[in-house]
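Trainee: I am new to this structure and would like a close look at a single part of it. Could you take me slowly through one helix and its surroundings?

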Amino acid sequence: MHRRSFLELVMAAPLAPLKKSSWPTIAPEANTVLGPLNTITLGSTLMHEHVLVDFIGADKVSPSRYNSEEVFARALPHLKQLLQAGCRTLVECTPAYIGRDPALLARLSKASGLNLVTNTGYYGAAENKFVPRHAYPETAEQLSRRWIREFKGGIEGSAIRPGIIKIGVDAGKLSEIDAKLVRAAALTHLETGMTIASHTGDGVAALEQLSLLERAGVRADAFVWVHAQNESQPEVHVQAARKGCWVEFDGIGESSLEQHVKLVRIMADNGLLGRTLVSQDAGWYHVGEPDGGEYRGYTFLYSRFLPELLKRGFSEMDVQKVMVENPRSVLTFRIRELDQSK
């Protein structure tokens, strides 16, 4: 495929925004750090990337630990390169208490031209190092109210609202705090319509989360199994996808290209490409390291992985589904618009 036609495919030219209408019209929208967008304008989307992370721990993390101007200068060229590669939307998955910085993301979105999406929720993996102290005595209902407030009123006093719920759980059977975070995410989803994206250690944890969400009244298609490539048994990916959830292979890079091509092929061969997401888990300005350490760019998926899929027999429509249609479905929440004439 010629480079021009390939870029035209993945960029998916946006259409005009939907017009306002009276109750009970439902408009498909997604939250970005610069405000809600009609989801048809999202275009080609990377579902799991990072700009800045701070692994000091929930009790010590603070914006005072880094210079936002330095981070801005380091990240911006990579985001501009990504736009030129054909991407239009990037989901920045760094949760609260690990360095989430919506104001920085808003500046980067304006300067780069990319749509950036941030999140609400808490990260319970890594043996709970990034879970704030108040999450232990609080109930799932109390935690969900915190996250719902961010969706309705903005994050940390800003007008920036989350576009997804990001949580994390360790491998194996869910711990008490991890299960609580999943229940809180379920309640938040039921109130806001945001999709739940969960950093998940393995298939055991993925299937337990799906079971817990089902009991809470949450449909499987409101759940993204993040880092699914870490589960060594592809049949578990197939099992989860057949339940209806999104299976995300998001560690794409030079050393893992072949693995990810095979994983996507297995999903396609089982008729589950419509449940498949791909991304790179790239970026990573590390707070505390000189100049943020090694910052991995975001273009490999566009320059190497997608062309490799086409070489291996995937169609242009397959690429469109994985890069445009599936992420659009994940990021869509439903907003009922009140009649403005009354």
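Which residue just after H4 takes a positive phi, and of about what size is that angle?

Mentor: Happy to help! This is a predicted model, in which local features need pLDDT of at least 70 and side-chain atom pairs count only at pLDDT 80 or more, while totals for chains, interfaces and linings use all residues. Residues are numbered from 1 along each chain as its sequence is written, and side-chain values use heavy atoms, with hydrogens and water left out.

The residue you are after is Gly154, with a positive phi of about 105° just after H4. Helices here are DSSP runs of H or I with at least four residues, strands are runs of E with at least two, and both are numbered from the N terminus. H4 has 14 residues and reaches 20 Å from its first C-alpha to its last, close to the 20 Å expected at 1.5 Å a residue. That expected span is 1.5 Å times one less than the number of residues.

Next, look at the two sides of this helix. Ala140, Leu143, Ser144, Trp147, Ile148, Glu150 and Phe151 of H4 are buried; buried means under 20% relative accessible area, exposed over 50%, and partly exposed in between, with a 1.4 Å probe and protein chains only. These buried residues sit on the same side of H4 because they cover an arc of only 150° around the axis. The arc is taken from the directions that run from the helix axis to the C-beta atoms. As background, an α-helix has 3.6 residues a turn, so residues three or four places apart point the same way. On the face of H4 turned away from the buried side you will find the exposed residues Arg149, Lys152 and Gly153.

H4 also belongs to the wall of a pocket. A pocket is an open set of points on a 1 Å grid over the protein atoms alone, with protein on both sides within 12 Å along at least five of seven lines; a cavity is a set of points where a 1.4 Å probe fits but cannot get out, and lining residues have an atom within 4 Å of a point. The largest pocket holds about 430 Å³ of space, where grid points are joined across faces, edges and corners and a volume is the space filled by probe spheres set on the points. It is lined by 23 residues, and Ala96, Arg100, Pro102, Ile155 and Glu156 are the closest to its centre. Helix H3 (102-112) and helix H4 (140-153) each supply at least two lining residues, and H4 gives the most, with four. By class, the lining has 12 nonpolar, five polar and six charged residues. Here Ala, Val, Leu, Ile, Met, Phe, Trp, Tyr, Cys and Pro count as nonpolar, Asp, Glu, Lys and Arg as charged, and the others, Gly among them, as polar.

Some of these names come up again in the charge pairing. Glu150, one of the buried residues of H4, is linked with Arg100 and Glu156 in a network of salt bridges. A salt bridge is a side-chain nitrogen of Lys or Arg within 4 Å of a carboxyl oxygen of Asp or Glu, and by this rule the count comes to 14.

Arg100 leads us to one more space. A search of the whole structure finds one cavity of 30 Å³ or more, and its volume is about 30 Å³. Arg100 lines this cavity together with Val51, Leu52, Glu92, Thr94, Gly99, Asp101, Leu104 and Leu105. Its lining divides into four nonpolar, two polar and three charged residues.

For contrast, here is a part away from H4. The second largest pocket has about 280 Å³ of space, and of its 14 lining residues Gly193, Thr195, Asp221, Ser329 and Thr332 are the closest to the centre. Helix H5 (176-192) and strand E14 (333-336) each give two or more residues to that lining, which counts five nonpolar, six polar and three charged residues. Asp221 also meets Arg219 in a salt bridge of 2.5 Å, N to O. Asp221 is partly exposed at 28% relative accessibility, whereas Arg219 is exposed at 61%.
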